[in-house]
Structures are given as C-alpha cells and as structure tokens.
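Q: Please take a close look at one part of this model and describe it in connected prose. I would like to know which residues line its sides, and how the rest of the protein is built.

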Amino acid sequence: MTRAASVVDRLIATYQRTISPRKGWSCAHRVAHGDASCSAAVRGLVRQRGVVRSVVPTVARFVACYRAALLLAQTDVSGVCCCGGIPIPFRFPGRR
C-alpha cells in the first residue's frame with residue numbers, strides 16, 4: 001500500500017471507530033442492500049487500488065448510496081443518511 005493509501009486507510013479507520021458509532025444514523029446503501037457500509041467499501045477500494053484509482057468507484061458508490069437513501073425515504077425505514085449529517089430517529093416499520 002502506498003503512503004497516501006495508508007494515510008487514507010487510517011483516516012477511514014478512525015472515522016469508523018470514533019465518529020460513525022456516535023452519529024446516530026446508518027449508511028443508506030448498507031441498510032437498503034445489506035452489504036458493507038460506504039466507509040468500509042471505500043476503505044477496501046483504497047487498500048486494493050490506491051487513492052487515485054479509487055476516486056471514480058468511490059463517487060459511484062456515493063451516488064448509489066444517495067439513490068438508496070431516496071429509495072428508503074419512500075418507505076417507513078428511518079435513521080439512514082447518505083453523504084450528510086441529517087440525524088433521524090431510527091426505527092423499523094411495526095416497532096415503536
């Protein structure tokens with residue numbers, strides 16, 4: 001892994017460890033599709049491809065996450081956000 005990729009990897013790991021658990025919402029892509037969160041996916045891309053070669057797939061992932069957020073906004077699922085800090089109380093349909 002290049003030095004730049006190593007730095008970005010550590011920054012994402014720090015985000016995942018410190019900020020993500022406290023922010024109050026989940027990655028819309030992860031909630032909608034059940035796979036890795038955007039931070040985990042981007043971290044994997046950076047590890048495999050390096051920083052520069054990860055830019056286009058990262059943008060594509062964020063667009064997919066935005067679309068997942070739009071899809072989830074039409075349902076009764078809340079507590080998800082894509083690419084921004086919009087805290088929404090988290091709940092699933094049928095639970096109060």
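A: A convenient place to begin is the surface, where V55, V56, V59 and V63 together make a nonpolar patch of about 340 Å². The model is a predicted one, and the values below should be read with that in mind. Of the patch residues, V59 lies in helix α4 and is partly exposed, since its relative accessible area of 48% falls between the 20% below which a residue counts as buried and the 50% above which it counts as exposed.

The helix that carries V59 deserves the closest attention. Helix α4 runs over residues 55–73, and its 19 residues should span 27 Å at 1.5 Å a residue, which agrees with the 27 Å that separates its end C-alpha atoms. Its buried residues are T58, R61, C65, A68, A69 and L72. Because these residues cover an arc of only 105° around the axis, they are placed on the same side of α4. The face turned away from that buried side carries V56 and R67, both of them exposed, and V56 is also one of the residues that make the nonpolar patch.

Within the buried set, L72 can be followed further. L72 belongs to helix α4, and because its relative accessibility is 8%, it counts as buried. Along the chain L72 is 41 residues away from V31, yet the C-alpha atoms of the two are separated by 8.5 Å.

To place α4 in its setting, it helps to step back to the whole chain. The protein has four helices and two strands, and these follow one another along the sequence in the pattern α-β-α-α-α-β. Of its 96 residues, 33% count as buried, while the accessible surface comes to about 6,400 Å², with 59% of that area belonging to carbon and sulfur atoms. When contacts are taken between residues at least 6 apart in sequence, 58% of them join residues that are at least 24 apart.

Helix α1 can be read in the way that α4 was. With 17 residues, α1 reaches 23 Å from its first C-alpha to its last, close to the 24 Å that is expected at 1.5 Å a residue. The residues buried in α1 are A5, D9, I12 and A13. Seen down the axis of α1, these buried residues fall within an arc of 100°, so they line one face of the helix. On the other side of α1, R3 and L11 are exposed, whereas the buried residues of this helix pack against α3.

One of those buried residues, D9, also takes part in side-chain pairing. The count of salt bridges comes to two, and D9 has a part in each: its side chain meets that of R43 at 2.6 Å, N to O. R43 lies in helix α3 (residues 38–49) and D9 in helix α1 (residues 3–19), so this pair ties together parts that are 34 residues apart in sequence. The side chains of D9 and R47 likewise meet in a salt bridge, at 3.0 Å from N to O. Since R47 lies in helix α3 and D9 in helix α1, that pair ties together parts 38 residues apart in sequence. D9, R43 and R47 are thus linked in a network of salt bridges.

The three members of this network are covered to varying extents. D9 is buried, with a relative accessible area of 8%, and R43, at 19% relative accessibility, counts as buried as well, given that the cut-off is under 20%. R47, by contrast, is partly exposed, with a relative accessible area of 45%.

A further residue of helix α1 adds to the picture, namely V8, which counts as partly exposed at 25% relative accessibility. V8 and R43 are 35 residues apart in sequence, while from C-alpha to C-alpha they are 7.9 Å apart in space. Leaving aside its neighbours within four places in sequence, V8 is in contact with V46 and V51.

To return to the part that opened this account, α4 has its buried residues, including C65 and L72, on one and the same side of the helix. Its opposite face bears the exposed residues V56 and R67.

Note on methods
Residues are numbered from 1 along each chain as its sequence is written. This is a predicted model: local features need pLDDT of at least 70, side-chain atom pairs count only at pLDDT 80 or more; totals for chains, interfaces and linings use all residues. Side-chain values use heavy atoms; hydrogens and water are left out. The expected span of a helix is 1.5 Å times one less than its number of residues. Buried means under 20% relative accessible area, exposed over 50%, partly exposed in between (1.4 Å probe, protein chains only). The arc is that of the directions from the helix axis to the C-beta atoms. Patches are made of residues with over 30% relative accessible area and no salt bridge: like charges are joined within 9 Å, nonpolar side chains (Val, Leu, Ile, Met, Phe, Trp, Tyr) within 5 Å. Accessible areas come from the Shrake-Rupley method with a 1.4 Å probe; for residues, only the protein chains shown count as cover. A salt bridge is a side-chain nitrogen of Lys or Arg within 4 Å of a carboxyl oxygen of Asp or Glu. Contact means heavy atoms within 4.5 Å.
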